[in-house]
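The following exercises are to be worked through with the model at hand. Each task is followed by a solution in steps.

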Amino acid sequence: SSRVLWTLAVTQFESLGVLKKALTDISPPIEALMKLKAKGDASAEAVAVESEKKKSAISALLALVENFPEGTEFAPKRDVIRSVAEQAQQDFESPESFMDFALLVRQHTSKIFNEQKALLERLKQIKKAAAKK
């Protein structure tokens, strides 16, 4: 029924939004850590704070795997989540390696944005079809 399709599309839209936010949150603590290390005079406390933020961002991202069940249209997001989380755990030795990572994250968030746009279009179609009944 259109109600089930509507609920599914809304759930997918929201799950993608949470994933987009988690991906967006992953780069700032990594960049902050790189800047602290580049300074050379960073306090251990500042490094510990940013390291904890990085760990939290990675954990939050990994927790989202279950939002994308196997066998569904968005199941491939599971691999995206795991891949980004794995890459985020590395120590970025150069600004270039971090920029490559940040670009990858941006590409994923951009793709999610487009998927959300498509879902909004689907929601409009479901609504229109329901109104005709």
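A polar contact is a pair of N or O atoms within 3.5 Å; within protein, one must be able to donate a hydrogen and the other to accept it. The model used here is predicted.

**Exercise 1. Describe the surroundings of K54.**

Task: Determine where K54 lies, whether K54 is buried or exposed, and which polar partner its side chain has.

Solution.
1. Locate the residue: K54 belongs to helix α2, which comprises residues 44–62.
2. Assess its accessibility. Buried means under 20% relative accessible area; K54 has a value of 10% and is therefore buried.
3. List its contacts. Neighbours within four places in sequence being left aside, K54 is in contact with P29, I30, L33, A88, Q89, Q90 and D91.
4. Test for a polar partner. A polar atom of the K54 side chain lies 3.1 Å from the backbone oxygen of Q90.

**Exercise 2. Examine the geometry and the buried side of α2.**

Task: Compare the expected span of α2 with the distance between its end C-alpha atoms, and establish how its buried residues are arranged around the axis.

Solution.
1. Calculate the span: at 1.5 Å a residue, the 19 residues of α2 should span 27 Å, and the end C-alpha atoms are 27 Å apart, so the two values agree.
2. Identify the buried residues of α2, which are E50, K54, A57, I58 and L61.
3. Consider their directions: these residues cover an arc of only 95° around the axis, which puts them on the same side of α2.
4. Recall the helical repeat: an α-helix has 3.6 residues a turn, so residues three or four places apart point the same way.
5. Inspect the face turned away from the buried side; it carries the exposed residues A44, E45 and K55.
6. Find the cover: α1 and α3 are among the elements that cover the buried residues of α2.

**Exercise 3. Classify the aromatic pairs.**

Task: State how many aromatic pairs there are and classify each.

Solution.
1. Count the pairs: there are two aromatic pairs.
2. Take F92 and F98, whose ring centres are 5.9 Å apart with 85° between the planes; this pair is edge-to-face. Both residues are buried.
3. Take F92 and F101. Their ring centres are 5.2 Å apart and their planes stand at 45°, so this pair is tilted. Both F92 and F101 are buried.
4. Combine the results: F92, F98 and F101 form one aromatic cluster.

Note on methods: Residues are numbered from 1 along each chain as its sequence is written. This is a predicted model: local features need pLDDT of at least 70, side-chain atom pairs count only at pLDDT 80 or more; totals for chains, interfaces and linings use all residues. Side-chain values use heavy atoms; hydrogens and water are left out. Helices (H or I, at least four residues) and strands (E, at least two) are DSSP runs, numbered from the N terminus. Buried means under 20% relative accessible area, exposed over 50%, partly exposed in between (1.4 Å probe, protein chains only). Contact means heavy atoms within 4.5 Å. Rings of Phe, Tyr and Trp (its six-membered ring) pair if their centres lie within 6.5 Å; planes under 30 degrees apart count as stacked, over 60 as edge-to-face and the rest as tilted. The expected span of a helix is 1.5 Å times one less than its number of residues. The arc is that of the directions from the helix axis to the C-beta atoms.
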